[in-house]
Amino acid sequence: MAIFADKAMTFLRFNAFTIMMIAYGLFIVLGAVVLMILEQPEENLLVKEVRELKARFLADNPCVDESSLDRLLINELSASKRGVATLESASNECNFDFTSSLFFVITFLTTTGYGTTVPLSDEGRVFCVVYCLVGIPFTLLLLSSLTHALLPWVTHTPIHNLQVFWGLSRNHAALLHCSVLAFCTATLFFLLPAGALCLLENDWSYLESLYFCFISLSTTGLVDYLPGRTQSRAARQWLEFATSCYLMVGLIVLLVVMESCWELPQVQAILRFFAGPWQDSPATPTTELPPVFGLTPIAATKENIPPSLRPDLTTSTS
């Protein structure tokens, strides 16, 4: 039995990456099948209701030509998909005033892209392409720099304090800190904002508000929910500005949390397992790099390593 277990572990270790790729493919297929089963009946029901409403309208208004009505609806839906309000009840909406343009730029640069507003002119599309080529790498650089600047204060120092004052090992201190950090992030950037949106948007349930927070900070940016669409122009502009700030701050916080969790020894052990046998290959010889921008390279000495990342000598010697 022990020999069989050893052979199974050896097989899993040498084929872990292949198994993970196959599992991920099956995971994607499973998601598509579940969505098809859950959403296709609702889609068919919605189509049936709209067709029945159209049939009743044509029956009540025999002077209206069906083909003309279809062209009108197609043009209205096309304009609505491009973020242009053509109905009289929504004529006060403006998608390219300063606040709305700022909201569009931030969702564009963070790759959230709700899709409610799109450039209408060829010049606007060309500008967005050029702006994207420069702006998205610049945004990623800024977010990465802020993340690494915050890590020593948000992660390394608290873990070191847990080791010193509470006497925890490095592994336990890092796990406790990441658990508390994840709980605070979930509360401050998902649960509480969802409650606030539920109060501001009368026709949103708490689940719909929580769903919006998730698709926003995960940069999925689906177009089915967006705050302020049914409110006054001033309220919509305020909500767009608040959502822009929420996106930027939330993404930075999530990156810090993910980077903190990434440094967990347990996560690194899982990564080494799925990396396969090639991660045990001899290390590549390192050479000292020349100074960049006039800055002297920092040697990887014990003093330069964050306290939370140094080996826990107390547990290894005991």
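**Leu239, Val130 and the second largest pocket**

Colleague: Is Leu239 buried or exposed?

Modeller: Leu239 has 5% relative accessibility. The cut-offs, set with a 1.4 Å probe and protein chains only, are under 20% relative accessible area for buried, over 50% for exposed, and partly exposed in between. This is a predicted model, in which local features need pLDDT of at least 70 and side-chain atom pairs pLDDT 80 or more, while totals for chains, interfaces and linings use all residues. At its 5%, Leu239 therefore counts as buried.

Colleague: Good to know! How far apart in space are Leu239 and Phe103?

Modeller: Numbering runs from 1 along each chain as its sequence is written, and side-chain values use heavy atoms, without hydrogens or water. Leu239 sits in helix 8, residues 233–262 (a DSSP run of H or I with at least four residues, numbered from the N terminus). Phe103 lies 136 residues from Leu239 in sequence, yet their C-alpha to C-alpha distance is 9.7 Å.

Colleague: And which class of accessibility does Val130 fall into?

Modeller: Val130 belongs to helix 5, which covers residues 122–166. Its relative accessibility is 48%, so Val130 counts as partly exposed.

Colleague: Lovely. Which elements give two or more residues to the lining of the second largest pocket?

Modeller: A pocket is an open set of points on a 1 Å grid where a 1.4 Å probe fits, with protein on both sides within 12 Å along at least five of seven lines; lining residues have an atom within 4 Å of a point. Here the lining residues are Val50, Arg51, Leu53, Lys54, Phe57, Leu69, Asp70, Leu73, Ile74 and Leu77. The elements giving two or more of them are helix 2 (16–60) and helix 3 (66–81).
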